[in-house]
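Good morning, colleagues. I should like to speak briefly about aromatic rings and the charges that sit over them. Please look at the structure as it appears.

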Amino acid sequence: MEARTIAIVGLNASGKTMLAERLRREYSSDSLRYISFCDTYGTATDRGYYLQQRWNQHDIDTETPTVETALERSFLLSGPDNKERRMLQEQLYESMGMGNLLKEYVISLSSGELRKMQLVKTLMANPSIIIIDNPFIGLDAEARKTVSSKLLKLKERGIKLFILVARENEIPQYVDEIIWTTPESRFRDLHKGKTGSNSVMKKVTAPDFAKEIVRLNQISIKYSGRTILDKLSWTVREGEHWALSGRNGSGKSTLLSLICADNPQGYACDISMFGHKRGTGESIWEIKRNIGYVSPEMHRSYQRNIPAVNVVASGLKDTIGLYVRPNTAERELCREWMKRFGIDNLAEKPFLHLSSGEQRMILVCRAFVKSPSLLVLDEPMHGLDVRNQKTVKDIIEDYCSDKQRTMIMVTHNEEELPPCIDHYLRL
């Protein structure tokens, strides 16, 4: 078989995954492996989602696997235990930088670290054909280079690769062929202009008397002897728009979990939200009422096949899933926001029947639906094509034009940052 690398490129819901399914039926299952990095993998149970939250590690028990245990189990199930395969295993661990992760619990991994583990797990089967859906999603710049170079080495070893991506700039330079699932997939002009990566980022400092939205004082978080945050102090004032960055595993999602009142350790820390010190009598729901939030973990949590409009409506109730029926006015509000995002045609469609990109647009819309004073957007553009990326950036920019609205946004790609960003924090 010719070792070719083929990129399958298209807008969200343009048929990339359907084409991948057809390829899976075409080739022998013994020689082919498929791996998806679309944020929808994971468990369908509430217990599983709870354990996936890295900040709830006080619930770890003897049955919770480490990365090494999970990969060893996969190694033994995927082929014979011989010297050649053990050498492959060691090479994969070294090339993917897994050494410092092997003793970590799987549930303690960041979104990007979890993707590295999944890629190693797939490669240990030593397939001759690999289909990879969004291989670079959730990875920082250094990790993207590592994965890209590893994929090139696989090509050199004679493995045929099919790489599915939503954006033209994610296509590796070494691909031999590009399959466009739709002609309109080629939106090169959207990389430029107001919301493009060449936009000039403003540097504005809020006056000292501006209202404090978030104040963290000397915050330290440790899990199983591993320091995640070390004496971090940070103040976010009303009207500021922060870009939060850092390598995979640097503590970004842990930091956001403290702000959103999802981390039990937060009550032992010096944290103030909206001018009120944490732990002085406020409930979790009183904190969440003022926050609109989206994250990869949230995406994985939505495993119930409810209508998309109900997922948006759950943002009004601050719940994962919808347990209280929205009234007529609330449903109309949800539809208005969906129309603004260009996804109103999806309102009554089952959430799990949508493409990963469509699901992400639904969840981003959910973050905005109650017009919160604080937006916390953790990788909001995971898996979005350039058209939807532009839509989200434009909506964020317009929303943040209100000086009373504050935002914290996490991304590994600077081109995803809207022009309204005026403050930066790198962990």
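**Aromatic contacts in a predicted model**

Let me begin with phenylalanine 368, which is buried, since its relative accessible area is 0%. Please bear in mind that the model is predicted. The partner to consider is tyrosine 399, and this residue also counts as buried, at 2% relative accessibility.

The structure contains 6 aromatic pairs. One of them joins tryptophan 234 to tryptophan 242 in an edge-to-face arrangement, with 5.3 Å from centre to centre and 85 degrees between the planes. Tryptophan 234 has a relative accessibility of 5% and therefore counts as buried. Tryptophan 242, at 9%, counts as buried too.

Phenylalanine 368 and tyrosine 399 form a further edge-to-face pair, whose centres are 5.1 Å apart and whose planes meet at 85 degrees. What does this pair tie together? Phenylalanine 368 belongs to helix H12, residues 356–368, and tyrosine 399 to helix H13, residues 386–399, so the contact links parts that are 31 residues apart in sequence. Both residues also belong to one aromatic cluster, formed by Trp337, Phe341, Phe368 and Tyr399.

I turn now to charges over rings. Which residue places its charged end over the ring of tyrosine 399? It is arginine 405, at 3.9 Å from the ring centre. Tyrosine 399 thus has an edge-to-face contact with phenylalanine 368 and a charged end over its ring. Elsewhere, arginine 85 lies over the face of phenylalanine 75, 4.1 Å from the centre of that ring.

Thank you for your attention.

Technical notes: Residues numbered from 1 in each chain as written. Predicted model: local features only at pLDDT ≥ 70, side-chain atom pairs only at ≥ 80, totals over all residues. Heavy atoms only, no water. Phe/Tyr/Trp six-rings, centres within 6.5 Å; stacked < 30°, edge-to-face > 60°. Buried < 20%, exposed > 50% of the residue type's maximum accessible area, 1.4 Å probe, protein only. Helix = DSSP H or I, 4+ residues; strand = E, 2+ residues; numbered from the N terminus. Lys NZ or Arg CZ within 6 Å of the ring centre and 35° of its normal.
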